[in-house]
Amino acid sequence: MTALRTLVVCPGRGSYDRAALGQLTRPSSPRTDGAREVLERCDAHRAALGRKTVSELDGADAYRSTLHVAGENASLLTFACGLADLADLSRERFDIVGVTGNSMGFYTALAASGALSLDDAITLVETMGAYQTGNVIGGQVLYPMTAARTWRTDPARRQVVEQALQRVRDAGHVAEWSIELGGFAVLGADTAGVKALLEALPPDVRGDRTFPIQLPLHSAFHTSLMADTSARALQELGGLGFQAPDVPLVDGRGFVFRPHWADPRALRDYTLGHQVVAPFDFTTAVHTALQHCAPDLVVALGPGNALGGPLARILVEAGWRGIQSRADFDAVQASDHPMLLSFGVTKQREHLV
Amino acid sequence: MAVSRAAVVDANFSEHVRSLQPTPRRWNLDEPVEYGTPLTARDAIRLFEAQIESRHLDLLARDMKASRGRGFYTIGSSGHEGNVAVGGQLEAGDMSFLHYRSGGFFCARAANHAGPAGTFDVLRGILATADEPIAGGRHKVFGSVELDIPPQTSTIASHLPKALGYAIALDRSARREKRRETRISVCTFGDASSNHATATAAFNSAAWASFQRIPAPILFVCEDNGIGISVRTPDGWVASNFQNRSGIRYFGGDGLSLPSAWFAARQAIDYVRHTRRPGFLHLRMVRMLGHAGSDVEQLYRTPEEIEAAEALDPLRRTATLLVDNGWMTPDEVLGLYEGVRTRLAAQAEEAMRRPTLTTAAEVVQPLFTEDPEARIPPAPPEERERVFPRERPEDSDRPRHLALQLNRALTDILAAEPTTAVFGEDVAKKGGVYHVTAGLTASFGVGRVFNTLLDETTILGLAIGAGHAGLLPMPEIQYLAYLMNAIDQLRGEAGSMQFFSNGQYANPMVVRIAGLAYQKGFGGHFHNDNGIGALRDVPGILVASPARGDDAARMLRTLTAQARHCGRVCVMIEPIALYMTKDLYEDGDGAWQTLYPAPEEHMPLHEVGVYGSGTHATIATFGNGLWMSLRVARRLQAEGIDCRVIDLRWLHPLPIDALLPHAQASGRVLVVDECRRSSGIADAVVADLAQRDASLRFRRVTGMDTYIPLGDAANRVLVQEEDIEAGLRALLESR
């Protein structure tokens, strides 16, 4: 049996949730040596800095949002879970043909694609996470752009978002696109701007959630409000060993850093510059990755399965493998050849390791 | 059994790479790829991957067709992959008009771009899938909005005039907006098509512009593979033809050698970008795998010649360069080559799942965009005061003729729409042969109203290019007959753009053409041409012909609004004989003159002009035919014969819906068509009406199928009033 062409997608920082607790330290099924090594290296890095290790965080008795959601902890937790999952992925059955990620997941993708060594990636994630300690800048607001009960982005709803942004900006606040997240808008704003956005966007009930929702303890990532962070990162992290990836690496603009010739300086400038202060277009990243890499399968790394919905919606929009609707997607998923498998879903993880 | 050259070329590449000896590895990819070249190893490998992608696109196109019966296009780029050196170092905004061997160019440009454009697009093009992002399954083209590559379908370099037009428009706009422009225009073509009349028009006009220091930042890229289908280009011809052209700087390079092509392209691009003058980049290429998959090259080339061409494979050359200089090992080269093969094959599998166009409505959807509400709002009052200093023309109670009302309407449009530009032969200071453009240069300056050289291909090319640059061109063709030497610029190029770009690109324009006959015997056939078949043949084009001044002003506004808002290619045929006509029924009655309609007034699309409410017969006509028919109708009225006369106004598409009730009102339709019998509208009007209502009775009166002679003899072959009268009487007597 030939290995499936597999696109690996790394989740962003908000993915380590209550259900993820213990997945590194109290796994329900055994982890590989590779996964253990990821955890050890992360722990060693945190220990040397005198910070709670990833093992301690993951091994806590209970999930506490003040502890697990705080940027300085959540970042490396998310990274460690993702890379440990990747280490567990069966390379005999899954041939990795491309890597991308959402938001902070791009840092994970750097390591997953070989563009940064594990240690340098840990330094990157930990340093960027530590900048958040006591220093949350503005915030992020989540809002759906799909029409109710469909998985397709509705141009009218996008218009609503654009108008809300404009109104908030007209009122003198900073408010910008932060992430295009497969049918969801993530908007970034200064503190007053977040409040204004929450009022400017019409309430939208989806299941048991009412949007807009502010993402807890998140800064206005990927906006101009992060300019100082970017400048600091370029100064302090500019010397990391960026290199051409081993497999195509797709960034938050949809640019493909290719093996053999990708320019390390461009990769550094994008990682520490552009994507810190400009919108991260996860939707375009995945569209590009699908078309460039032509995968048989998309694998979402853990923790959690927050990317499952956005990825499914992007697959529908892309019409990939004939998937034109939610029903098509469900049918493909129920078949012998599902298109999307997530480490965060226990039954799917079993197929992957 | 015929040997598949594709398989041979494919295998020979791998064999060649395996035969290379690894050399000590070098790692700093920012060093020159070899001694003495500015091309870095990093760029060389980047371009090599694009070359490989282009090659595998060719191989896959043939493989899909041969083994799966899928795909519709096998003209490839094999042997031309050196064009990556051009595509890979242009700036993103340099609009590029590419011919069909530009696969490497396209792939190299896509690799520099953030977003999904790339080989998957090309594969969907080959398979003609409905979701192919540029043509939507209507043709296999290299095109992408994101990559600033408008799709070209030309096989004869007929895209060169518009590339020049775009170049000139770029700098013209910049100068008007007082900003510095750095973008350039690029077009690629082969050695054989460099001889084509359309191409030579573009070269000549570029040189003409350059000679006068008119900025024309265009890079002509001639990919010279020495053969056009089966006809050899004489050795040295292209270099000899272009090395010493006035006004066009020549750059030569070896497209088989990446460093050579890179260096030549660098120089040429820099020259054009910085001097804003035309450059001609001549790259030596080799044609591999025949003209197309269906071309049996063995019929006109010996096996030795075919093998000699294949031995020049530029991919082998690049592989050797990279291995000999230590940048890649043979295994790495093969890994890259096979990796691209696998990746593109996977893309092809997905592309083959994509739907194709299934209904006629889907196919033609981009052709017929129109907005009945589109308007050209009047210019601000102060601007109108500037251009009409004496009085607002709509306030004048003095009726005037067609030419003057058109002049006023043009003045209003130029004042209202700052993107409009009027150009053609003699349109500036002279004001056109018939003074329709008189005074416009004085009012709007030579930046917006200017003379061109005497070449209709260039005039229409300028118009298409200006549209790509965001302008709204209103070119004038001096006489209808002159259009014919340039008709492909409308038919093959402007008219087809919305179709082959699925509505994403448009070539908006309003072409004014002085035409039709009845110039009292003067001028002969060139100045009295009455053939419109070639125009009506162009799909998606809007053709109108007004007969009187007020109609003309309203119709010109409507056409301009459709061009501006819907990107339509619009043509207005202006009857020369009616330009200055003042009277209708009797000398001195002034009845053919009109007042000027206020600038808000637009003629509804497809609306016909109705004269009278007679029920004995209906005359459907336009142009000079309207003038004559109204006179005949008046005469017959004295006998108690009551006709209504319908001015069709719109010649393509014909306003049959609007005409039908008037036809049914009398049940008898006389079509008065001043055009040649086989070229005009009579056949279509009769056929369409008959299909709608079989009870209608018809006659048609048309010009003869002949060239127009000088003198009174012209009237023997053109529709005359007595022909109309006789036709009417016959129609009324028929049962």
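1. Two residues are taken to be in contact if their C-beta atoms, placed from the backbone, lie within 7 Å. On that basis, 17 residues of chain B are in contact with 18 residues of chain A. This is a predicted model, in which local features need pLDDT of at least 70 and side-chain atom pairs count only at pLDDT 80 or more, while totals for chains, interfaces and linings use all residues. Residues are numbered from 1 along each chain as its sequence is written, and chains are lettered from A and ligands numbered from 1 in the order in which they are written.

2. On the side of chain B that touches chain A, the elements giving two or more residues are α2 and α12 (330-353) of chain B, helices and strands being DSSP runs (H or I of at least four residues, and E of at least two, respectively) numbered from the N terminus. The largest share of that side, 6 residues, comes from α12(B). By type, the residues of this side divide into 7 nonpolar, 3 polar and 7 charged, where Ala, Val, Leu, Ile, Met, Phe, Trp, Tyr, Cys and Pro count as nonpolar, Asp, Glu, Lys and Arg as charged, and the others, Gly among them, as polar.

3. The largest nonpolar core has 334 residues; such a core is a set of buried Ala, Val, Leu, Ile, Met, Phe, Trp, Tyr and Cys residues joined through C-beta atoms within 7 Å. A residue is buried if 20 or more other C-beta atoms lie within 10 Å of its own, exposed if 12 or fewer, and partly exposed in between, with C-beta atoms placed from the backbone. The members that touch the most others are Val9(A), Ala80(A), Leu197(A), Val299(A) and Leu281(B). Helix α2 (residues 41-68) of chain B gives the most to this core, with 12 residues.

4. Leaving aside residues up to four places away in sequence, Leu197(A) touches Val141(A), Ala164(A), Val168(A), Ala175(A), Leu187(A), Ala189(A) and Pro212(A). Pro212(A), in the loop between β7 (209-211) and β8 (213-215) of chain A, is joined to Phe211(A) by a cis peptide bond with omega about 0 degrees.

5. Another cis peptide bond runs from Gly302(A) to Pro303(A), with omega near 0 degrees, and Pro303(A) lies in the loop between β12 (297-300) and α12 (308-318) of chain A.

6. Most residues other than glycine have a negative phi, and most peptide bonds are trans. Arg321(A), however, has a positive phi near 50 degrees; Arg321(A) is in the loop between α12 and α13 (326-334) of chain A and is partly exposed, with 18 other C-beta atoms within 10 Å.
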